[in-house]
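Trainee: Please take me through one part of this model closely, and then place it in a wider setting. Keep the terms explicit.

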Amino acid sequence: MNFKKTNLILGWISFAIALTVYLLTLEPTVSQWDCGEFIASSFKLQVGHPPGAPLFMIIGRVFSLFTSDTAKVAMMINSVSASASAFTILFLFWTISHLLKKILIKTGDKASRSDMIAVLGGSFVGAMAYTFSDTFWFSAVEAEVYATSSLFTAVVFWAILKWENVADEPGANRWLILIAYLIGLSIGVHLLNLLAIPAIVLVYYFRKYPKATRNGVLKALGVSLVMLLMIMYGIIPGIIKAATIVEKFFTNTVGLHYNTGVLIYVFLLLAALIFGIYRTQFLKKSVLWNTLLLAITVIIIGYSSYALIIIRSLAGPPMNENRPENVFALLSYLNREQYGDRPLIRGHQYNAEVEDIVYKKPVYVLNKEENRYEIPYRKPEAVMKGNKVLLPRMYGRSPQDRQAYQEFGTIQDLANPTTLDNLEFLFRYQVGHMYLRYFMWNFVGRQNDIQGHGNVLNGNWISGIKAIDSGLIGQQKNLPDHMKNHPARNTYFFLPLLLGLMGLYFQLDKNAKDFWVVMSLFILTGLAIVIYLNQTPYQPRERDYAYAGSFYAFTIWIGMGVAGIYQFLRKYVGANSAAIMATAISLLAVPTLMATENWDDHDRSGRYTARDIASNYLNSCSKDAILFTVGDNDTFPLWYVQDVEGVREDVRIVNMMLFNMDWYIDQARWQNYDSKPLPFTIPQSKYEAIPGSSIFVREHEQWAPLDYMLKFMKSDDPRAKVKLRNGKEVNFIPTNKLILPVDSATVVSNGTVTPKQATEIVKEIPILLQANGQILKNNLAQLDILGSNQWERPIYYTSGGFDGSLGLEEYYRNEGLAYRVVPVRTPYESILVMGEIDTDTLYQRVMNQFQWGRMNEEDVQLDYYTIRTMSVIRFRSLYTRLAMQLLQEGDKERAVEVLDRCMELAPSRVLPFDQYVTGITMPGNDGDIIHHEGIIEAYYLCGESEKANEIVLEHYNTLISDLQYYNAMKSHHRSSIPREINEARFQMEEMKNLLQTFGQDELLLKLGITGFGS
């Protein structure tokens, strides 16, 4: 048995299995979250959100060239992740085999067949365990950077092990140079790869110093941390920071054309590195310094992928976030300045008060006309009262954050948290909830994929062992069917964890040096990230993807565990039998079990829901519309369908989160595909002169038209300005009472309002701002567009009830998934029911035009975030409102068609039944109690009692099962789910009232309804 050849073949077999799995379960189009942005930026080499991923963009662009069908571009770029993930498995296999070979097959000894089987079997089991692990599989089938980042981690770790084999041979340092180059390249994907540096340094230390000491190990770790910090805070921002100094000198002082200084700087930097390499190799003959300079040089070469960001930004693509077209803007982009700062080592806690605002850090902006870098303003910085604390974990200042600090801790005095309170939050939330929970998902089991915030129903880890799970999340005997059969309920009975712990002990016992190498990788890519990220509570999504490197390290120990079983079994059976049995048992107990459990909830093949929802948003808009979105998560899929698939290129998408940024406001003045520049009255220079993102609003009794306010804001008259603390004068909004005038002839002629509604047109729309307060810059830009547009282009919102909607909900008209602003007032009852309905338009769209991504097909499984998106767009409410309006207009036939279509698309199997089925009774905006009909009531009103009763029977029995389960819980478990208990009771009461109202006595009797559980 040729070990080297078999090792090579089995590695590639592992790769082939992983690649096949990932391609079979690949999402065929865009996914939720950042994927739409990554696909769009890769396809057209655009500039995505900071700090960018230029190398990923290049790779994605290359993959996209293999299809001429824009509808398949997303699939090709998704396959970048699938391919990178499969290669990660390949290098993981070879990494485990290297480490196991050092234990079982000593150098110079003849390898026995049993030892080789154990080494290769353990490597295969470990590689397959990671292949089918929850977090890694999730990232492998969508266009995100984490799969490619994992590949770089796997390759550099494997490469240092290859160096270890040849360290004494001539030219061995070429492996170190390769590692440095790969680290440089990885910066253009994600910085997570840098966390492998301590493990790399330990391998180097143990190889060069066989008689390692504790002090030596600590010194090696210290050196590795210095290297890590030098790259993170030295090379990455430092090279650009130095470039800004040189560029400013040659532009502002010497007078050369802007960007000339950058070229001179690059030439000088390369010349210095080349000279240093030449001097250390040929003159001084210093191997250490020569290797160090070569390593720095190739890191910079790899890092140079960021040149693409400036090059593409200068080209002015439609997506050009932060517009980093010069080195000053690039530095801000790399430092992620738009996201703000968070304390890391020392800082204030949430109870610290603001003492002062200072303006220190200058913001340099290129004035192309003057060929100078200028400082339009300095960034405001809050000076806090009180002393700083070490490792500040509780720094979030929102009421929601404060509530979470109490939920995840035992704070006695909320106004004055102690150091122990701070550490308790660190261990219970940041370590326990946001890391160990994810770790257990991958190696013990997962309750479901519903995002969890600490209650016993959602997102917890489970094992499948009822006695243990009952203690963690409540008794498991009477588990409702929809919980028991949830596709993401995956149980591994602790088997992967136990095998990994066995491997951990085995490696520690047999080769302590390699154990500490793997342990350093495990900690640095796990707990160290916990400390660095310092996450606030209630994250918008689960963050397990950040810790994939830590799970990678643990699967190395899973592979080691096979060897541990082998050595145990060989005491009782023959060596060959022991090796085969250890491999077979481990293969069945761990990766096979994980694959079986995880397949259904990780299979995204055939799902097009995110793409079709985005298309539906754009197709809800009339020609040349302006569509205001809330933020990134509802914008990125829209960017994808427009930028890649060419859907509705006449619609201008405006992301309200980005609209606070000067560069984004300026880009709105550009032509974008078929969308003309947005109308503005206030010049760009005025927006750039506003420090920060807030504008002062003065209280005034008089109402003023928007055009008056806009002229006031653009005025240079000193009376139109207010002096700030830094002495600078800026414009302000002269009144908090604004009016959007309405030209009835214009709105009728361009179709904003139909002729039959002409008598309902209001003369003006009032907009009330906070008196003597502030509005954000995005609100000012929005007001600018509303006033300057003069009803020429249709204006839409994806939502309402948030600051960006300016209180216009009373003037919404529902034309699909988007709400059009029209000069016809409809009472704003609640966020669930906004605006009037154009029944003919809405019927045509939801019945004939909209597509929903095959969501009701048997082979399609919607994950939690897709289901949550369907809730956000109020899918069932959309159909129910249309049906009720049609019924009110006397069109019962079409009303029933709409309800039937809704139930066809979204039975409980696809979207769990909720309050949009039973109806909602709630306080309205004016405090009065209002009622919104659900599907059940709509069916009854249409005379379709049988269809309504089917839904009642199914949903009521489900809720009874839920309440029985809740009531059987112990009080400390039940106390975490008061909302769920109350919601179940409320929906049951709603259905009971509906049955009584519509005379369904037979069903009342069948359900035994005389009351319900306590």
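Mentor: Gly445 follows helix H16 and has a positive phi, near 155°. The model is predicted: local features need pLDDT of at least 70, side-chain atom pairs count only at pLDDT 80 or more, and totals for chains, interfaces and linings use all residues. Residues are numbered from 1 along each chain as its sequence is written, and side-chain values use heavy atoms, with hydrogens and water left out.

H16 covers residues 419–443 and bends by about 50° at Gly432. Helices here are DSSP runs of H or I with at least four residues, numbered from the N terminus; the bend is the angle between axes fitted to the seven residues ending at a residue and the seven starting there. Of the 25 residues of H16, 18 are buried, so the helix is largely enclosed by the rest of the structure. Buried means under 20% relative accessible area, exposed over 50%, and partly exposed in between, with a 1.4 Å probe and protein chains only.

As for the wider setting, the structure holds 38 salt bridges, each a side-chain nitrogen of Lys or Arg within 4 Å of a carboxyl oxygen of Asp or Glu. One of them joins Arg607 to Glu27, at 3.4 Å from N to O. The two lie 580 residues apart, Arg607 in the loop between H23 (575–602) and H24 (609–619), Glu27 in the loop between H1 (3–24) and H2 (35–43). Arg607 is buried at 5% relative accessible area, and Glu27 is buried at 2%. Both belong to a salt-bridge network that also includes Glu142, Arg604 and Asp863.
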